[in-house]
There are 2 protein chains.
Amino acid sequence: MYIESLEKLINSFRRLPGVGYKTAQRYAYSILNGTLENAKEFSNNIMEAKTKIKFCKECGNFSETEVCENCIKKNKDVICVVKEPKDVVAMEKVKTFNGVFHVLHGTISPLENRGPNDIRIKELLERVKAYGTKEVIMATNPDVEGDATAMYISKLLEPLGVKVTRLAQGVSMGSELEYADEVTLTRALESRVKI
Amino acid sequence: MYIESLEKLINSFRRLPGVGYKTAQRYAYSILNGTLENAKEFSNNIMEAKTKIKFCKECGNFSETEVCENCIKKNKDVICVVKEPKDVVAMEKVKTFNGVFHVLHGTISPLENRGPNDIRIKELLERVKAYGTKEVIMATNPDVEGDATAMYISKLLEPLGVKVTRLAQGVSMGSELEYADEVTLTRALESRVKI
């Protein structure tokens with residue numbers, strides 16, 4: 001019963017993460033109800049972003065240039081290692097951090113068939129050597145895979161004489177102890193600091 | 001800190017209904033992580049849908065042709081009046097209905113400054129006269145505005161000698177009485193049918 005071009009647009013929206021048929025339909029209708037300029041802009045922005053944005057050959061984050069601004073401007077004495085580009089966005093909120101980033105593009109996950117050679121570990125070691133980096137901060141997610149990956153990488157970095165640290169784990173600001181899980185509380189207690 | 005073309009794509013996604021910054025970012029990243037073909041297809045589908053799809057000059061529903069398939073093929077003795085194109089999709093699920101539709105593109109809403117002349121009422125009256133339609137089914141939403149609009153239109157149709165009906169209101173299939181609201185239960189009771 002459907003109109004072909006509408007059906008195709010709905011299917012495109014359905015490919016976005018977490019979008020089902022109803023939501024895709026709603027998005028498609030909003031395009032049809034919007035202005036032609038908006039649709040043109042949307043359409044162009046998709047192609048512009050997709051064609052212009054590559055991975056920075058140093059840190060692996062998204063970049064329009066071969067080497068991203070961060071890698072050019074920031075302090076290479078400290079490298080903050082994260083799993084994905086979006087984690088860079090999160091860490092950039094910390095204004096006191098002035099080092100560069102390194103995006104692994106995944107964590108080691110035997111369950112998903114991802115070994116150490118499938119993520120950007122080799123590139124990290126090369127950067128540490130080339131820069132003479134003093135500290136590597138492992139900022140992978142505080143979950144089993146993130147912890148295992150951080151541990152694995154730290155073993156490889158040890159012989160290079162670089163200091164390897166891990167983001168502290170503990171209770172989040174503004175949270176309530178009542179709802180904190182056991183593991184978080186255990187780690188917060190173990191890593192308690194003198195006031 | 002952001003990449004311009006990425007920021008622009010995120011902003012485009014944010015214009016979709018109900019999409020905030022985090023979701024828009026997730027959508028944009030999925031485009032960047034996807035294939036170039038997918039991005040191209042998405043970009044083209046937006047422009048194709050936007051340029052090809054117009055409103056059917058008869059029923060007002062989305063259509064790639066001047067008059068939609070429904071209006072050409074279906075029985076014009078019965079017109080089902082709905083608020084929006086997506087309501088046509090909903091009503092089309094009812095396989096026993098074989099009539100044509102009429103999309104009002106809104107309901108009368110003094111609060112939102114929409115009067116009878118802002119929705120497609122005049123066009124409905126013209127169609128009823130031209131077709132010699134026997135029945136008009138008011139399928140606007142069962143809310144205050146939908147009811148008021150249905151009532152208003154039925155008064156205008158009365159002099160034309162056409163039968164005007166309204167979708168029955170009552171308890172939904174599969175729902176639990178316990179959670180049904182007062183108005184729904186009152187209407188279900190008033191319209192009770194003999195078994």
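## Cysteines, symmetry and a surface patch

The sulfur of A:Cys71 lies 3.7 Å from the closest cysteine sulfur, in A:Cys59, which is too far for a bond. A disulfide is a pair of cysteine sulfur atoms within 2.5 Å. This is a predicted model, where local features need pLDDT of at least 70, side-chain atom pairs count only at pLDDT 80 or more, and totals for chains, interfaces and linings use all residues. Residues are numbered from 1 along each chain as its sequence is written, chains are lettered from A in the order in which they are written, and side-chain values use heavy atoms, with hydrogens and water left out.

**Cysteines**
- Over all chains, a search of the whole structure finds 0 disulfides.
- B:Cys56 is in no disulfide, and the nearest cysteine sulfur, that of B:Cys59, is 3.7 Å away.
- A:Cys71 is buried, at 2% relative accessible area; buried means under 20%, exposed over 50%, and partly exposed in between (1.4 Å probe, protein chains only).
- B:Cys56 is also buried, with a relative accessible area of 2%.

**Relation of the chains**
- A turn of 180 degrees and a shift of 0.0 Å along the axis lay chain B on chain A with an RMSD of 0.1 Å (least squares on the C-alpha atoms of residues with pLDDT of at least 70 in both).
- That is the relation of a two-fold axis.
- The C-alpha of B:Ser43 is the nearest to the axis in chain B, 2.2 Å from it.

**Exposed leucine**
- A:Leu177 sits in the loop between strand 6 (163-166) and helix 8 (182-190) of chain A (DSSP runs numbered from the N terminus: helices H or I, at least four residues; strands E, at least two).
- With 57% relative accessibility, A:Leu177 counts as exposed.
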